[in-house]
Amino acid sequence: MYAKCGCTQDARELFNNMSDRDVVSWNAMIAGYAQNGLGKEALALYEQMKQEGVQPDNVTFVLLLKACASLEVLEQGKRLHSDIIKRGFQLDVIVGNTLVDMYAKCGCTEDARELFNNMTERDVVSWNAMIAGYAQNGLGKEALALYEQMKQEGVQPDNVTCVLLLKACACLAALEQGKQIHADIIKRGFQSDVIVGSTLVDMYAKCGCTEDARELFNNMSERNVVSWTAMIAGYAQNGLGKEALALFEQMQREGTKPNEVTYICVLSACAQSRLVDEGRYVFYSMCKNHGVTPTMEHYACMVDLLGRAGCLVDAELFINKMPIQPGSVVWMSLLGAARNHGNVEIGRRAFDRVMKLEPKNAAPYVLLSNIYAAAGRKDELVKIRNEMKDAGVKNMPGCSWIEVDNQVHAFVVGDATHPQSKEILAELDRLVGLMKEAGYIPELSFVLDDVEDEEKEIALCRHSEKLAIAFGLINTPPGTPIRIKKNIRVCGDCHNATKMISKIVRREIFVMDANRSHHFKDGFCFCGDYW
């Protein structure tokens, strides 16, 4: 009781003074620590438990594995796994499920899958744990494939399964598979579940279908703060700031109280649409009238809002006046704004701040390189690229996914492994030729490698989203939209090229990158060339 009320010190004092303690006593205290985010204390208590000769049971191991998962301490998780085998609990389905979850949350999806495959008994929770593991590690394609296997083996999904699969579809922008799961949800009667409904709204919005998302939202029989926030976030991601603000006002009129996440989404929507006055009002109203204490994400949104409007001096001043120590996300927002507005001095200061907090992060190097390249400062450009090499920092390779005929295809930068590579590269060459006729000039500054210009141009043409777009064009009927998901921010050259491609081929192209959704149509992007 004390632990569940958050009083872990009182709980521990009582525990220490018990004249007789059995395994249930130890489990209660371990659970208390785990539930209050004190995983290290839970694991330390287990060591004391062993020293005192108390034998753990399956509940003990489930609690401790959850603590390891939350802390992402793989080595301690492996030691627990050994203890589980020694004590004969490896066949317990609940322990097995929690082991799968622990390995997946520590990023070891292959180990998790091996455990899953070797389980003598599996229930729906087992399948959900493995599907969640794939989804959490950005392996949406594998999550959807496992669902097909689940159906083939006759295991009935529950509402949790549907939520996990919809999140996987959203991560891949796999609209058609998302629609199929939507159909399964209706067949199984889960459509009235508020969590499933909210995740459906989120999936459609992340696939660029805001009208479908809004129709679903309007028809929900029950809506909570998560539902409203999902729809507001959908508008924000697609650059529809005014629609997000209107829905936010409707939410309050109908008596649903916004939470911290809602305010992040509203502020993000204002930033994306450069609604500076509205964003300022929401932020200060949140603090003064609604008693919400701003988090690092709220401050980052405000910096982004000011930066997008070109108020870089105000944004830097805002950071310096923050009542909490600014995190890397705040300085990255300022650095991104400096790149978009070509402010070298503020960009360099923001870069230096990020480096103190995240010295191994490649993104700041890329943004500062872009600033130097755009400003024509070649000496400083060479210097920052050398600093990046000397620090051993490597840029994350770009990867893009596209769904065609209910199958998700993945492309990495420079990819030549796809069965249709020859056709894809031929289509790209054709498009580049047409773009150059229309005035396209490759932005070679976005290639960080120190190579000749000709090689840089070839490298630009092999960026993952360009490969995915070319694949989509040769494998889908004329006029149909193309939807792509990318793991990192779209570079400026790819953004300009995609605008031109959308006009040349007369197609709508949606690219959901790590920063926001881009909607290209008739040579224009709805982001207004700021992301």
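**Exercise 1. A buried acid in a loop**

Task: State where D415 is found, and determine whether this residue has a salt bridge.

Solution. Step 1: D415 is found in the loop that runs between β2 and α24 (421–437). The model examined here, as in every exercise below, is a predicted one.

Step 2: D415 is buried. Leaving aside residues up to four places away in sequence, D415 touches A410, S421 and L467.

Step 3: The nearest side chain of opposite charge is K141, at a distance of 9.5 Å. A salt bridge requires the nitrogen and the carboxyl oxygen to lie within 4 Å. D415 accordingly has no salt bridge, although this residue is buried.

**Exercise 2. The sheet and its edges**

Task: Give the order of the strands in the open sheet of six strands, and explain why one side of β2 and of β6 is left without a neighbour.

Solution. Step 1: The strands follow the order β2-β1-β3-β4-β5-β6, and their pairing is mixed.

Step 2: β2 (407–412) and β6 (524–525) stand at the edges with a single partner strand each, so one side of each has no neighbour in the sheet.

Step 3: Strand β1 (residues 399–404) runs antiparallel to β2, and six bridges join the two. Within this pairing, V404 stands opposite Q407.

Step 4: The hairpin of β1 and β2 has two residues between the strands, and D405 there takes a positive phi near 50 degrees.

**Exercise 3. Two aromatic pairs**

Task: Classify the aromatic pair of F61 and F89 and that of F116 and W127, and state which parts of the chain each pair ties together.

Solution. Step 1: A pair of aromatic rings is described by the distance between the centres and the angle between the planes. The structure holds 13 aromatic pairs.

Step 2: For F61 and F89, the centres are 5.7 Å apart and the planes stand at 55 degrees, and the pair is tilted. F61 belongs to helix α4 (residues 58–71), while F89 is in the loop between α5 (74–86) and α6 (93–105), so the pair ties together parts 28 residues apart in sequence. F61 is buried, its relative accessible area being 0%.

Step 3: For F116 and W127, the centres are 4.9 Å apart and the planes stand at 80 degrees, so this pair is edge-to-face. Because F116 lies in helix α7 (residues 109–118) and W127 in helix α8 (residues 124–136), the pair ties together parts that are 11 residues apart in sequence.

Step 4: F116 is buried at a relative accessible area of 0%, and W127 is buried at 1%.

Step 5: The ring of F116 also has a charged partner: the charged end of R122 sits over this ring, 4.3 Å from its centre. A further case is R483, whose charged end sits over the ring of F510, 4.7 Å from the centre.

**Exercise 4. Salt bridges, buried and partly exposed**

Task: Describe the salt bridges K151–E148, E465–K486 and K466–D493, and decide whether their residues are buried or partly exposed.

Solution. Step 1: Side chains of opposite charge can pair when their charged atoms come close. The structure holds 18 salt bridges.

Step 2: K151 and E148 meet at 3.5 Å, N to O. Both residues lie in helix α9 (residues 140–152), three residues apart, which is about one turn of the helix. K151 is partly exposed, with a relative accessible area of 33%, and E148 is likewise partly exposed, at 35%.

Step 3: In the salt bridge between E465 and K486, the closest N and O atoms are 2.8 Å apart. E465 is in helix α26 (residues 464–475) and K486 in strand β3 (residues 482–486), so the pair ties together parts 21 residues apart in sequence. E465 is buried at 1% relative accessible area, and K486 is buried at 4%.

Step 4: K466 and D493 meet at 2.7 Å, N to O. Since K466 lies in helix α26 and D493 in helix α27 (residues 492–505), this pair ties together parts 27 residues apart in sequence. K466 is buried, with a relative accessible area of 5%, as is D493, with 0%.

**Exercise 5. Groups of residues**

Task: Which residues form one aromatic cluster, and which are linked in a network of salt bridges?

Solution. Step 1: The aromatic cluster is formed by F283, Y284, Y299 and F318.

Step 2: The network of salt bridges links E47, K50 and D83.

Definitions and conventions:
Residues numbered from 1 in each chain as written. Predicted model: local features only at pLDDT ≥ 70, side-chain atom pairs only at ≥ 80, totals over all residues. Heavy atoms only, no water. Pairing = 2+ DSSP bridges. Helix = DSSP H or I, 4+ residues; strand = E, 2+ residues; numbered from the N terminus. Buried < 20%, exposed > 50% of the residue type's maximum accessible area, 1.4 Å probe, protein only. Lys, Arg positive; Asp, Glu negative; His and termini not counted. Contact = heavy atoms within 4.5 Å. Phe/Tyr/Trp six-rings, centres within 6.5 Å; stacked < 30°, edge-to-face > 60°. Lys NZ or Arg CZ within 6 Å of the ring centre and 35° of its normal.
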